[in-house]
Amino acid sequence: MPQRPERIGVAVADTWDFGLELRSDPATTAARTAVLDKPGFGQAFTDHMVVASWSADRGWHDQRVTAYAPLKVSPAAAVLHYAQEIFEGLKAYRHEDGSVWAFRPDRNAARFTTSAERLALPKVPEQDFVAALRALVTADESWVPPYGSGETSLYLRPYMIATEAALSVRPAREVLFGVIASPAGAYFATGPKPVSIWLSTTSIRATPGGTGAAKCGGNYAASLAALAEATENGCDQVAYVDAVERRWLEESGSMNLFFVYADGRIVTPELSGSILEGVTRSSVLQLAADLGHPVEQRRVSADEWRDGVRTGEITEAFASGTAAVITPIGRLAWPDGDLTIGDHTQDHGVGPVTAKLRTTLLDLQYGRIPDQHGWLTRLS
Ligand SMILES: *Cc1c(COP(=O)(O)O)cnc(C)c1O
């Protein structure tokens, strides 16, 4: 059993003061243990949540940690009609000494600000964003899975929605910010397994000047039909190309794409304005460079991927994102063809470079190797 961490409470630098309304009926130890034994992803939630209100008149107010419960919103709330919504996703990791840490939460806070600007939502001060995570994790610390239980963590989901009851199309004058938390298991119960990717030629995820670089629910709503097409074609995920020339690879809709070349280079599509800049993506670029790989951010066409795999110039491909960390891509399919990527007779099809980056990132997140870049922030 991990040691109980020493509580550090809410950091003094925080400007938001969180009211603490701890529930009198938290989950029983047995119920919580049942969840922690088999967490899955995004299905079970902890005892509490963070909420904060904003109005154009009062600014941010009424920040609280309170019982996890359904929200009361008007059926006329702008979010339900015009999708004025943004979110974030990051994980809290238990270390061997029992302490709980977030990985680069400042990057999520900064991205939340960028997303808010694009969706005409108010900004959450970045230190308060991190304070909200800390307040929730402190209240629900017993929901953070123990160290050594595989790739388990407490997934944190900050979000912001337009709650104003108003059907006129304009930025809402009433908004809710919240954070919920959900124990997360290993994305792949038996170790990473290569996924198959459907190269979408008909659906576009994001357009120049659109919302592709913001983390907003609308992008996801727009991606579901393409995901259904991928599923019909026996694939797990989609890869999107650019809207203009329809040939430059963008991302997979919830993960960024990487290609490993036989000469050791690691290439990822450059941030075109319609790609979401993943925290995992930035971290992989740094870790790959640390490991001595030349890294390139540039345009990569779908043909370069296909030809590279055929000629053996591209030896591995993977996708990166908080939920699945680093996921090997084992197959690429499109309307009139498909290709196998990597050697599936070895290591379950997980290439050596993908495996090394994955282990390095996880070791860092779980505190098993030194945090050279100062990426970890203690939450509890
Ligand atoms: C969240 C997200 C990613 C991955 O970002 P991480 O910060 O690495 O989790 C990639 N693409 C899209 C569209 C996303 O929403």
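A polar contact is a pair of N or O atoms within 3.5 Å, of which, within protein, one must be able to donate a hydrogen and the other to accept it. The legends below describe close-up views of a predicted model.

**View 1. Ser274 and its polar partners in the loop between strand S12 (266-269) and H7.** The side chains of Ser274 and Glu250 are joined by a polar contact of 2.9 Å, and a polar contact of 3.1 Å joins the side chain of Ser274 to that of Ser272. Ser274 counts as buried, because its relative accessibility is 5%. When neighbours within four places in sequence are left aside, the residues in contact with Ser274 are Arg205, Ala206, Thr207, Gly212, Ala213, Glu250 and Glu251.

**View 2. The ligand and the residues that surround it.** The ligand is surrounded by 15 residues, of which Lys215, Tyr220, Glu251, Thr280 and Thr322 are the closest. An oxygen atom of the ligand lies 2.4 Å from a polar side-chain atom of Tyr220, while a nitrogen atom of the ligand is 2.6 Å from an N or O atom in the side chain of Glu251. Val279 takes part through its backbone, with an N or O atom that lies 2.8 Å from an oxygen atom of the ligand. Of the 380 Å² of accessible area that the ligand has on its own, the protein covers 97%.

**View 3. Arg281, a buried residue without a salt bridge.** Arg281 is found in helix H7, which spans residues 279-290. Although Arg281 is buried, it has no salt bridge, and the nearest side chain of opposite charge, that of Glu277, is 4.7 Å away. Since a salt bridge requires a side-chain nitrogen of Lys or Arg within 4 Å of a carboxyl oxygen of Asp or Glu, the 4.7 Å to Glu277 does not qualify. The side chain of Arg281 does have a polar contact of 2.8 Å with the side chain of Gln297. Apart from neighbours within four places in sequence, Arg281 is in contact with Asn256, Phe258, Thr268, Pro269, Glu270, Leu271, Gln297 and Ser320.

**View 4. The salt bridge between Arg111 and Glu88.** A search of the whole structure finds 22 salt bridges, and one of them joins the side chains of Arg111 and Glu88 at 2.7 Å, N to O. Arg111 lies in helix H3 (residues 105-118) and Glu88 in the loop between strand S4 (85-87) and strand S5 (90-94), so the pair ties together parts that are 23 residues apart in sequence. Both Arg111 and Glu88 are buried.

**View 5. Salt bridges of Arg306 with Asp303 and of Arg298 with Glu304.** The side chains of Arg306 and Asp303 meet in a salt bridge of 3.0 Å, N to O, and both residues lie in helix H8 (residues 302-311), three residues apart, which is about one turn of the helix. Arg306 counts as buried because its relative accessibility is 15%, whereas Asp303, at 43%, counts as partly exposed. Salt bridges that share partners join Asp263, Arg265, Glu296, Arg298, Glu304 and Glu313 into one network. Within this network, the side chains of Arg298 and Glu304 meet at 2.9 Å, N to O. Arg298 is partly exposed at 23% relative accessibility, and Glu304 is partly exposed as well, with a relative accessible area of 25%.

**View 6. Thr33 in helix H1 (residues 29-37).** A polar atom of the Thr33 side chain lies 2.6 Å from the backbone oxygen of Thr29. Thr33 and Pro145 are 112 residues apart in sequence, and their C-alpha atoms are 9.2 Å apart in space. With a relative accessibility of 36%, Thr33 counts as partly exposed.

**View 7. Positive phi values at Asp62 and Ala120.** Most residues other than glycine have a negative phi. Asp62, which is not a glycine, nevertheless has a positive phi of about 55°, and its place is in strand S3 (residues 59-67). Ala120 also has a positive phi, near 55°, and is placed in the loop between H3 and helix H4 (126-139). Asp62 counts as partly exposed at 41% relative accessibility, and Ala120 is likewise partly exposed, with a relative accessible area of 39%.

Conventions. Residues numbered from 1 in each chain as written. Predicted model: local features only at pLDDT ≥ 70, side-chain atom pairs only at ≥ 80, totals over all residues. Heavy atoms only, no water. Helix = DSSP H or I, 4+ residues; strand = E, 2+ residues; numbered from the N terminus. Buried < 20%, exposed > 50% of the residue type's maximum accessible area, 1.4 Å probe, protein only. Lys, Arg positive; Asp, Glu negative; His and termini not counted. Contact = heavy atoms within 4.5 Å. Near = heavy atom within 4 Å. Areas by Shrake-Rupley, 256 points an atom, 1.4 Å probe, with all protein chains shown as cover.
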